[in-house]
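Open the model in your viewer and keep the selection panel at hand. Each stop below says what to select and what to look for.

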Amino acid sequence: MTTIRENIFRVTLSEIGNPIDRGFFEMSDGGQVLMDAADIRYIKEAKEGGYEPVFFISRTHALGNDFVVVGRQWKA
């Protein structure tokens with residue numbers, strides 16, 4: 001996990017694991033990230049295109065200080 005700003009972090013799929021359905025997923029650093037159906041679809045499309053899915057996540061107090069996806073990017 002790379003810090004982009006105070007509460008924005010960049011993570012790769014390898015740091016999240018291999019989510020196959022929406023919900024909370026454990027990250028390699030011990031935190032949890034909430035992913036929705038659009039995030040799962042993005043993972044599938046990126047992999048099919050030969051790209052590594054990259055996510056920008058942020059901690060949120062509304063989810064008990066867990067992470068939520070705030071952006072996505074394809075990495076060649």
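**Stop 1: the cavity lining**

The lining of the largest cavity divides into three nonpolar residues, one polar and two charged. Select Met1, Val11, Glu15, Met27, Ser28 and Asp29 to show this lining. The model is a predicted one. The cavity has a volume of about 30 Å³. How many cavities of 30 Å³ or more does the structure hold? It holds one.

**Stop 2: the nonpolar core**

Keep Met27 selected; besides lining the cavity, Met27 is among the residues with the most contacts inside the largest nonpolar core. Add Ile16, Val33, Met35, Ile43, Phe55 and Ile57, which are the others in that group. The core has 15 residues. Now colour by element: strand 2 (8–12), helix 1 (13–16), strand 4 (32–35), helix 2, strand 5 and strand 6 each supply at least two core residues. Which of these gives the largest share? Helix 2 does, with three residues. Nonpolar side chains tend to be buried together in soluble globular proteins.

Centre on Phe55. Beyond its sequence neighbours up to four places away, Phe55 touches Phe9, Arg10, Val11, Ile16, Met35, Asp39, Tyr42, Ile43, Val69, Gly71 and Arg72. Ile16, Met35 and Ile43 in that contact list are also among the core residues with the most contacts.

**Stop 3: along strand 5**

Step to Phe56, in strand 5. Buried or exposed? Phe56 is buried, because its relative accessible area of 18% is under 20%. Turn on its contacts, leaving out residues up to four places away in sequence: Ile4, Ile8, Phe9, Arg10, Val68, Val69, Val70, Gly71, Arg72 and Gln73. Draw a C-alpha distance to Phe9: the two are 47 residues apart in sequence but 5.5 Å apart in space.

Move on to Ser58, also placed in strand 5 (residues 52–60). Ser58 is buried, with a relative accessible area of 11%. Show its side chain together with that of Asn7: a polar contact of 2.8 Å joins them. Outside four places in sequence, Ser58 is in contact with Asn7, Ile8, Asp66, Phe67, Val68 and Val70.

**Stop 4: the loop after strand 5**

Select Asn65, in the loop between strand 5 and strand 6 (66–75). Check its backbone: phi is positive, about 75 degrees, though Asn65 is not a glycine. Most residues other than glycine have a negative phi. Asn65 counts as partly exposed, at 35% relative accessibility.

**Stop 5: helix 2**

Go to Lys47, found in helix 2 (residues 37–48). Lys47 is partly exposed, with a relative accessible area of 43%. Not counting residues up to four places away in sequence, Lys47 touches Leu13 and Asn18. Add Trp74 and draw the C-alpha distance: 9.4 Å, across 27 residues of sequence.

**Stop 6: the loop after helix 1**

Finish at Arg22. Where is it placed? Arg22 is in the loop between helix 1 and strand 3 (23–26). Arg22 counts as exposed, because its relative accessibility of 58% is over 50%. Show its contacts beyond four places in sequence: Met35, Asp36, Ala37 and Ile40. Met35 returns here from the core. For a last distance, pick the C-alpha atoms of Arg22 and Ala62: 40 residues apart along the chain, they are separated by 18 Å.

Methods: Residues numbered from 1 in each chain as written. Predicted model: local features only at pLDDT ≥ 70, side-chain atom pairs only at ≥ 80, totals over all residues. Heavy atoms only, no water. 1 Å grid on protein atoms, 1.4 Å probe; cavity = no way out; pocket = protein on both sides within 12 Å on 5 of 7 lines; lining within 4 Å. Points joined across faces, edges and corners; volume = space filled by probe spheres on them. Nonpolar A, V, L, I, M, F, W, Y, C, P; charged D, E, K, R; others polar. Helix = DSSP H or I, 4+ residues; strand = E, 2+ residues; numbered from the N terminus. Buried < 20%, exposed > 50% of the residue type's maximum accessible area, 1.4 Å probe, protein only. Polar contact = N/O pair within 3.5 Å; in protein donor to acceptor, adjacent residues only side chain to side chain. Contact = heavy atoms within 4.5 Å. Core = buried A, V, L, I, M, F, W, Y, C linked by side-chain atoms within 4.5 Å.
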